[in-house]
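Thank you for sending this model; a few local features deserve a second look before the discussion goes further. My notes are set out below as numbered points.

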Amino acid sequence: CSDLGVAIPDDADGFHSTRMSIAARAADVQDRVAAVQNDLNEGGAALHLGKQEHDALDHELRSLRSRTSNIPHDQVALREKLCAALGIPVDDVPFAGELLQVRESERVWQGSAERVMRSFGLSLLVGDARYADVQAWVDATNLRNRFVYFRVRDDTTRNTPTDINPQWLGARIEVQPGTRWRRWLHGELARRFDYVCCDTPEQFRRERRAITVAGQTKGGDERHEKDDRHRIDDRSRDVLGWSNADKIAALEERQRAIAERMQPLADRIATLKRVQDQLQLSAQTLAKMSVYGDYIDLDWRTPVRQIEERNDERRRLSAASDQLRHLREEMAGNDGLIEALENEINRTRDGLSDVGANERQATEQLREQEDTLAQPDAQQHLSLSADADTARLSMDMTPSTLRSCETDERRIREHLQALIDADDKAIKRATERILTAMQAYRHDYPAETTDVDASVDASDDYRGMLHQLETDDLPSHEARFKQLLNENTINEIANFQAQLLRQQEEIRERIDVINGSLTHIDYNSGRYIALELSQSEDPEVRDFRRDLRNCTEGSLMGSEDPHYAETKFLEVRAIIERFRGRDGLTELDRRWTVKVTDVRNWFVFAASERYREDNTEHEHYSDSSGKSGGQKEKLAYTVLAASLAYQFGLEWGEVRSKSFRFVVIDEAFGRGSDESARYGLQLFAKLNLQLLVVTPLQKIHVIEPFVSGVGFVHNEGGRESKIRNLTIKQYHDEKQRRQAVTAGVASS
């Protein structure tokens with residue numbers, strides 16, 4: 001009551017009146033506590049946001065002071081993470097914004113350039129050498145941020161245009177001197193930022209792509225845009241340039257403004273916390289007072305008075321009664337006796353507990369002894385078992401003489417039978433080899449072996465024939481035979497083989513040249529066609545090449561083998577007989593000769609559609625089966641265009657207007673689809689071919705964009721033809737005029 005400034009009640013009425021006023025006051029305090037807490041939450045949230053922004057700016061400023069570029073810290077940190085993971089220098093992957101800045105003389109366009117070029121400025125530049133590693137890392141990493149990078153190809157760096165219209169925004173941008181990305185950046189400025197910088201609204205409305213100093217842009221599709229979410233002169237958002245002094249100053253100014261805005265918030269929060277503490281103390285005190293619900297809980301005077309009255313009455317009664325005093329004395333003596341008896345009972349109870357424990361221990365020991373008597377000793381059991389086993393083994397190891405003899409006899413018999421079986425098998429194999437050799441000899445020399453069988457009994461006859469061959473001295477003619485065979489027949493076969501091999505290499509070389517042209521043709525977006533060769537698995541071609549190779553193997557060095565000349569003679573004779581045509585097989589051998597001597601049949605041709613990025617295969621075309629008509633035509637036109645480039649000796653991309661490259665296409669597009677016909681004509685246009693296209697009128701709408709003149713042929717009644725030569729413009733004008741006349745007649 002003193003803390004709250006409330007008078008202490010003296011009776012029940014005053015107590016109840018005070019309690020009601022405290023309840024109303026407690027409700028008011030709770031409302032004020034809630035209001036103060038709301039104000040604290042709002043102020044705390046605002047202060048927290050301000051502190052976060054202040055800390056973020058401080059972090060960004062520390063990053064900017066350690067370098068010279070204007071790229072935000074989170075993008076710089078992401079690049080550092082990439083470079084650390086791949087082990088590459090940071091300078092190898094710059095941001096475009098680090099290499100570009102608005103020219104000093106064009107600072108009025110700084111804000112507009114920053115708005116339009118922000119996304120490009122935050123893009124990383126990756127060369128061909130680093131592209132594969134960067135692409136794989138980005139794909140495998142959760143970046144938790146937006147990340148844009150450009151692949152800067154080595155070939156496009158050389159071929160990128162560098163001319164920029166002086167009125168374009170790109171012309172007001174300066175590229176960092178000495179950078180190796182300079183040519184590519186010039187090309188991107190010309191291609192991406194061809195906005196005409198307009199000083200007046202009239203000029204802005206006239207231009208197809210334009211930009212104003214205020215940051216409004218206009219695209220080629222009539223799309224207009226102006227993003228004023230940030231002030232156009234806010235240098236704290238700059239990303240372009242290799243000097244960040246302006247950005248640091250802008251961020252420092254923003255940081256000071258945030259600090260100034262946060263100080264009043266902090267003061268107000270401190271005041272609110274003091275008020276909150278006072279209110280909470282009052283609420284606690286009020287809560288303590290509400291614990292007492294009745295005046296009797298606090299009325300101490302009445303109980304004290306009653307206690308005093310009872311004590312006086314007890315003293316009067318005690319002084320007046322001798323019997324009470326005697327009873328008290330007996331009660332004191334009984335208390336001592338009761339205490340002695342209780343001690344005796346406790347000692348007796350403890351003794352009984354010890355006896356019970358001893359009894360349980362004796363019972364357990366008795367049970368263990370009974371178990372021991374019921375089972376034999378383990379060690380004794382093991383000893384007896386070991387003795388029995390030893391005795392049994394001793395009996396088994398003493399063989400009887402009779403049993404040993406029977407075993408030896410059986411083993412010897414089995415050994416001898418195995419030797420006999422092995423000798424029989426050896427004799428059988430030798431006999432089979434002898435009979436096979438005899439049969440082969442009878443097959444090769446049927447006239448000399450008419451009266452001789454292929455049997456072991458006829459071995460003497462074969463020995464006689466061998467003796468006759470040795471006495472006739474046929475080996476003396478072997479050297480002359482071999483000389484004539486090498487100098488004439490085999491040498492001619494070798495020349496013939498060399499011509500075929502030259503044709504084979506010529507085909508490979510031509511395919512390589514054609515593939516060089518195919519590399520520059522976009523068969524599909526990002527993919528090209530490559531022709532592939534593989535050895536034919538046709539058994540006739542394979543066997544012919546093997547036989548031809550066998551005829552010439554060892555012919556230059558010669559051989560000491562006495563059967564060499566005869567073997568070569570037989571191999572050459574077999575090929576020549578098929579070239580000449582064997583009896584009864586003349587037509588079959590003629591077709592065989594045409595097939596195996598046409599070197600194109602030595603190969604299997606296929607087409608491989610590959611990605612231009614890494615030359616990996618997208619699809620393999622072993623033939624055109626399973627493809628639509630349009631796909632077949634497209635593949636055929638692609639190979640045809642490359643073949644024409646080879647035939648005319650063209651180098652892709654060069655223009656030689658005086659060279660002869662005339663091609664006649666007779667109804668080539670008559671049955672094909674419009675898409676495939678247009679694709680073929682685009683390829684021929686890239687080759688700068690001089691085309692004469694003969695086609696019905698149903699394809700004229702496809703061919704029109706690719707021709708400069710028309711020879712219009714008309715046949716009246718099938719009797720005589722007339723031709724009229726027109727330029728394509730004259731053809732279009734007359735066609736429109738005739739259509740207009742026809743439409744007018746129809747309407748009338």
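The points that follow concern one helix, the aromatic contacts and two backbone angles.

1. The model is predicted, and the comments here should be read with that in mind. Helix H17 covers residues 586-597, and its 12 residues, at 1.5 Å a residue, should span 16 Å; the end C-alpha atoms are 16 Å apart, which agrees with that expectation.

2. The buried residues of H17 are Asp589, Trp592, Thr593 and Val596. Viewed down the axis of H17, these buried residues fall within an arc of 105°, so they line one face of the helix. The general background is that an α-helix has 3.6 residues a turn, so residues three or four places apart point the same way.

3. By the ring-centre criterion, the count comes to 13 aromatic pairs. One of them is formed by Phe147 and Tyr149, a tilted pair with 6.0 Å from centre to centre and 40° between the planes. Phe147 is buried, at a relative accessible area of 13%, whereas Tyr149 is partly exposed, at 22%.

4. A further pair involves Trp592 of H17: the ring centres of Phe544 and Trp592 are 5.6 Å apart and their planes stand at 85°, and because planes over 60 degrees apart count as edge-to-face, the pair is assigned to that class. This pair links distant parts of the chain, since Phe544 belongs to helix H15 (residues 539-552) and Trp592 to helix H17, with their positions 48 residues apart. Both Phe544 and Trp592 are buried.

5. Trp592 has another partner, as Arg578 lies over the face of its ring, at 4.1 Å from the ring centre. Elsewhere, the charged end of Arg151 sits over the ring of Tyr131, 4.2 Å from the centre of that ring. Phe120, Phe150, Trp184 and Phe193, for their part, form one aromatic cluster.

6. Two backbone angles should be checked by eye, given that most residues other than glycine have a negative phi. Arg144, although not a glycine, has a positive phi of about 55°; Arg144 is placed in the loop between helix H4 (128-140) and strand E3 (149-152), and it is exposed, with a relative accessible area of 74%.

7. The other angle belongs to Asn615, whose phi is near 65°, again a positive value in a residue other than glycine. Asn615 is found in the loop between strand E10 (603-611) and strand E11 (617-621), and at 46% relative accessibility Asn615 counts as partly exposed.

Conventions: Residues numbered from 1 in each chain as written. Predicted model: local features only at pLDDT ≥ 70, side-chain atom pairs only at ≥ 80, totals over all residues. Heavy atoms only, no water. Helix = DSSP H or I, 4+ residues; strand = E, 2+ residues; numbered from the N terminus. Expected span 1.5 Å × (residues − 1). Buried < 20%, exposed > 50% of the residue type's maximum accessible area, 1.4 Å probe, protein only. Arc of directions from axis to C-beta. Phe/Tyr/Trp six-rings, centres within 6.5 Å; stacked < 30°, edge-to-face > 60°. Lys NZ or Arg CZ within 6 Å of the ring centre and 35° of its normal.
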